[in-house]
Amino acid sequence: MNKHYAFFALLLCFLVKTGFSQTIYYKNINDSILPNFKDTANKIIIVNGDSTFNLKNKFAYVQRFFPKIEFQNIKIKFRKSQKIVKVKPTFASIFKAPKQRTYKIWYSNLSETTLDSVLLKNLSINSQIGLIAIQMSRIEDFRTGGFFDFVAWHFKQLSTKARNKINYDDELRAIEAGLGYQLLSLSRENEEKLKIEKWKSVKGYSNYIKQNKNRSMSAEIIANFVNDQPIYHAQQYK
C-alpha cells in the first residue's frame, strides 16, 4: 500500500510540475491568461503608463522566458517619439554588477505618422507580447555584458549594419526562448498596417523605409525559425 501511495504521489508531482511548465507556452495570448503572471519582486516600474493596460502582467509573462532577468530593475516610460521603442541601461548601471543594474524602456505614445498604428498601445495583445519580448531579449544580452561591452554597443548604434545585426540577434534570442508565435504576430501586424498605401505622406514612408529596412525579420523568416527550433516541438503550445 505504501509503495502504491508513493508511486501515485510521485506521479502527481510529475504531472503538476509538467502542467505548470507548460502554462507559459501559448500560440495566442489573451486577457484571461495575463492575470496569472505577476511582478512578485516589484522590479517593474511603470512611470506614466495606463493602469488599465496590464503592462506589468505582460512584462511578468515575458520574464518567465528569461528567468535570469526576473529580478532586474526595469523602468518603463511613455513619451512622444518617432521611435517606437528604445531600451538601454542607466549610465550608472554600466559600472555595476548585473544584479544591481537598472534598465529603462521608452515606448512612443505618439509619432504623428502612420507608425501610430503599430505603437505598443495599438497592437493586438499577442503582438504587444512580441514587442516586449524583443526588449527583454535585449536586456538579457545586456545582462551578460561588462563596461566595455556597453561602450562597444554604443558605438555600434552609429552603424546601420551593426544596428540591424543587434536587432536580428534580439529577435532570434526571443524566438529561441519560445516566444516565436508572438514575434510572428508582431511581424504580420506590422507588415499589414505599414503597407505603402496606408501612408498619407510619401516623405514619412521614405523615412520609415530608410530607418527600418532590414531592421526586423520578415514573418516568413520567423515562421521558418519556429518550424526549426526544438522548443516548439518539445513543448505543447496551447
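How many salt bridges does a search of the whole structure find? Ten. Keep in mind that this is a predicted model. I'll take some of those salt bridges, then helix H3, a pocket, a surface patch, and a few loop residues.

Start with Asp-39 and Lys-56. Their side chains meet in a salt bridge, at 3.7 Å from N to O. The pair links distant parts of the chain, 17 residues apart. Asp-39 is in the loop between helix H1, residues 2–22, and strand E1, residues 44–46. Lys-56 is in helix H2, residues 55–63. Now the exposure. Is Asp-39 buried or exposed? Asp-39 counts as buried, at 9% relative accessibility. Lys-56 counts as partly exposed, at 33%.

Next pair: Asp-170 and Arg-138. Here the N to O distance is 2.4 Å. Asp-170 lies in helix H5 and Arg-138 in helix H3, so this salt bridge ties together parts that are 32 residues apart in sequence. Asp-170 is buried, and Arg-138 is buried as well. This pair also belongs to a network. Which residues are linked in it? Arg-138, Asp-141, Asp-170 and Arg-173, by salt bridges.

One more, this time within a helix. Glu-140 and Arg-143 meet through their side chains at 3.3 Å, N to O. Both sit in helix H3, three residues apart, so about one helical turn separates them. Glu-140 is buried, with a relative accessible area of 15%. Arg-143 has 17% relative accessibility, and the cut-off for buried is under 20%, so Arg-143 counts as buried too.

That brings me to H3 itself. Helix H3 runs over residues 125–143, which makes 19 residues. From first C-alpha to last, H3 reaches 26 Å. The expected value at 1.5 Å a residue is 27 Å, so the two are close. How many of the residues of H3 are buried? 18 of the 19. H3 is therefore largely enclosed by the rest of the structure.

Now the pocket. I'm taking the second largest one. Its volume is about 280 Å³. The lining of this pocket has 15 residues, and the closest to the centre are Asp-141, Asp-149, Trp-153, Lys-156 and Ile-166. Asp-141 we have already met, in the salt-bridge network. Which helices each supply at least two residues of the lining? H3, helix H4 (147–156) and helix H5 (160–193). Where does the largest share come from? From H5, with six residues.

Over to the surface. There is a nonpolar patch of about 530 Å². Phe-91, Phe-95, Phe-147 and Phe-148 make it. Look at Phe-91 in particular. Phe-91 sits in the loop between strand E3, residues 85–89, and strand E4, residues 102–110. Phe-91 has a relative accessible area of 65%, and exposed means over 50%, so Phe-91 is exposed.

Ala-92 is in the loop between E3 and E4. Ala-92 is partly exposed, at 42% relative accessible area. Take the distance from Ala-92 to Trp-199. The two are 107 residues apart along the chain, and their C-alpha atoms are separated by 40 Å.

A second long-range pair: Thr-160 and Ile-45. They are 115 residues apart in sequence and 31 Å apart in space, C-alpha to C-alpha. Thr-160 is in helix H5. Thr-160 counts as partly exposed, at 42% relative accessibility.

Last topic: backbone angles. What is the phi of Asn-42? About 55°, so positive, although Asn-42 is not a glycine. Asn-42 is in the loop between H1 and E1. Asn-42 is exposed, with a relative accessible area of 57%. Asn-54 also has a positive phi of about 55°, and Asn-54 is not a glycine either. Where is Asn-54? In the loop between E1 and H2. Asn-54 is partly exposed, at 33% relative accessible area.

To recap. The search gives ten salt bridges. Four residues, Arg-138, Asp-141, Asp-170 and Arg-173, form a linked network. H3 is largely enclosed, with 18 of its 19 residues buried. The second largest pocket takes six lining residues from H5. And four phenylalanines, Phe-91, Phe-95, Phe-147 and Phe-148, make the nonpolar patch. That's it from me.

Methods: Residues are numbered from 1 along each chain as its sequence is written. This is a predicted model: local features need pLDDT of at least 70, side-chain atom pairs count only at pLDDT 80 or more; totals for chains, interfaces and linings use all residues. Side-chain values use heavy atoms; hydrogens and water are left out. Patches are made of residues with over 30% relative accessible area and no salt bridge: like charges are joined within 9 Å, nonpolar side chains (Val, Leu, Ile, Met, Phe, Trp, Tyr) within 5 Å. Accessible areas come from the Shrake-Rupley method with a 1.4 Å probe; for residues, only the protein chains shown count as cover. Helices (H or I, at least four residues) and strands (E, at least two) are DSSP runs, numbered from the N terminus. Buried means under 20% relative accessible area, exposed over 50%, partly exposed in between (1.4 Å probe, protein chains only). On a 1 Å grid over the protein atoms alone, a cavity is a set of points where a 1.4 Å probe fits but cannot get out, and a pocket is an open set with protein on both sides within 12 Å along at least five of seven lines; lining residues have an atom within 4 Å of a point. Grid points are joined across faces, edges and corners, and a volume is the space filled by probe spheres set on the points.
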